[in-house]
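Student: Could we go through a few backbone and cysteine details of this protein together?
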Amino acid sequence: MSQFWSSLVHNLTPYVPGEQPKVSNLIKLNTNENPYPPSDRVLQVIREVADDKLKLYPDPNADLLKQRIAKYHGLQANQVFVGNGSDEVLAHAFQALLKHDKPLLFPDITYSFYPVYCGLYGIDFKEIPLTDDFAIDINHYQQECGAIIFPNPNAPTGRLLELTQIEELLINHPNQVVVIDEAYIDFGGQSAITLVNQYPNLLVTQTLSKSRSLAGLRVGFAVGHPDLIEGLERVKNSFNSYPLDRMAIYGAVASFDDESAFQNSCKAIIETREELVSHLQKLGFEVIPSKANFVFASHKNFNAEEIAAKLREKSIIVRYFNKPRINEYLRITIGNNDENQALCKALSEIVT
C-alpha cells in the first residue's frame with residue numbers, strides 16, 4: 001500500500017533496533033540491557049500505584065519526577081525535561097534545538113538514530129570521522145556548524161571523552177547547542193551535567209533504561225538551561241502532552257530514592273566488564289577501551305560475522321554491524337557473572 005505514503009516516508013531509512021528474540025533460553029547480549037533487576041523499591045512503588053487512578057491521565061508535566069531529578073543533580077526543576085525514553089527526548093531535541101541553516105555535526109561511527117532523525121526532520125548533517133583508534137577528536141569539530149551531538153561514552157565503541165574535552169568544545173562553540181547523549185555515563189564516566197549551569201548552550205540527555213534497569217518503563221530526561229528546556233517543552237506539547245504514564249513517573253522517582261541499588265548494579269557491571277576484557281584479550285581480541293555496559297571487540301584471526309553466527313548456534317546473541325570501518329567488530333553487552341562465563345567458554349571454543 002506504499003502508494004499512500006507521503007514523499008517523506010518513501011525517502012526514510014528507519015533505525016533498526018537490536019533483535020528481541022521470541023525464543024527462550026538465550027543469553028541475550030545484543031541490546032545493552034541491564035542484567036540485574038530493578039530496585040525492589042521501584043517494583044513495590046509500581047505495584048502500589050497500579051490502582052484505580054489508572055483511569056485518569058497522568059500528570060502531563062511529570063512535575064514529581066522533574067523535581068526529583070533536579071534535586072538529585074543539584075538543579076532547578078525548570079532545568080529538567082522528561083520523555084518516553086531518551087530516544088523521544090533526543091527526537092524533540094533534533095526538532096527544537098538542532099535544526100539550523102548550517103549542518104549538525106556528529107561522529108561517523110555513533111548512535112545510528114542520529115542520521116535517522118536528520119532524515120525525518122530534514123536536518124542537514126555532516127559526519128566527523130573518529131580517529132584510527134575510534135576516539136572523538138574535538139579539534140575536528142572546529143568548523144562552521146549549526147549544532148553538535150554525540151554520545152559519551154560513544155556507541156557502539158564505548159570510548160569516553162573526558163569532561164575537560166567537552167568543556168573545551170563548549171567554549172569553542174558558544175553560539176551552538178552541544179548535546180551530550182549520556183546513555184552509558186554511569187558505567188565509568190563523569191557526567192557533563194555538572195557543567196550545565198556554566199554553559200547555556202549545553203544539553204545533557206540520560207536514560208533510566210541502562211544503569212537503573214528500567215528499559216521496560218521507557219523513561220529518559222534532559223537537563224540544561226531553562227531556555228533549552230522550554231524549547232523541548234514547546235515541541236513536546238505540540239506532539240504528545242502525556243508522554244509518561246503514572247507507573248513510569250512513580251517508578252522513576254523511586255529509582256532515584258534507592259541509591260544503593262543503583263550503585264551496586266553499576267559496580268557489578270563495571271567489575272564484570274573488566275573481567276570480560278581481560279578474557280577477550282587473552283583469546284586474541286582487540287578491545288576498544290570501554291566505559292559503557294558493553295565492549296567493542298575484534299579478533300585478529302576470525303571474522304566478526306562468523307563469530308556472531310557461531311555464538312548464536314550456542315544460544316548467545318551479540319550485536320554485529322555490517323558497516324564500513326566496524327564490520328570486523330562485535331558489540332557485546334555485559335551480562336551477569338553466569339552469562340559472562342558462558343560467553344567466555346563459547347568464545348574459547350570458537351577461536352582456539
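Tutor: Certainly; one term comes before the rest: buried means under 20% relative accessible area, exposed over 50%, and partly exposed in between, with a 1.4 Å probe and protein chains only. This is a predicted model, in which local features need pLDDT of at least 70, side-chain atom pairs count only at pLDDT 80 or more, and totals for chains, interfaces and linings use all residues. Residues are numbered from 1 along each chain as its sequence is written, and side-chain values use heavy atoms, without hydrogens and water.

Student: Is C344 buried or exposed?
Tutor: C344 is buried, at a relative accessible area of 8%. C266 is also buried, at 4%.

Student: How many disulfides are there?
Tutor: The search of the whole structure finds 0 disulfides, where a disulfide is a pair of cysteine sulfur atoms within 2.5 Å.

Student: Switching to the backbone, which peptide bond is cis, with omega near -5°?
Tutor: That is the bond from N152 to P153. P153 sits in the loop between β5 (147-151) and α6 (163-172); helices (H or I, at least four residues) and strands (E, at least two) are DSSP runs, numbered from the N terminus.

Student: And what joins A155 and P156?
Tutor: A cis peptide bond, with omega about 10°. P156 likewise belongs to the loop between β5 and α6.

Student: What about phi at S213?
Tutor: S213 is not a glycine, yet its phi is positive, about 60°. S213 is in the loop between β7 (202-207) and β8 (220-224) and is buried, at 12% relative accessible area.

Student: Where is R218 found?
Tutor: R218 is in the loop between β7 and β8. Its phi is positive at about 60°, although R218 is not a glycine, and R218 is partly exposed, at 28% relative accessibility.
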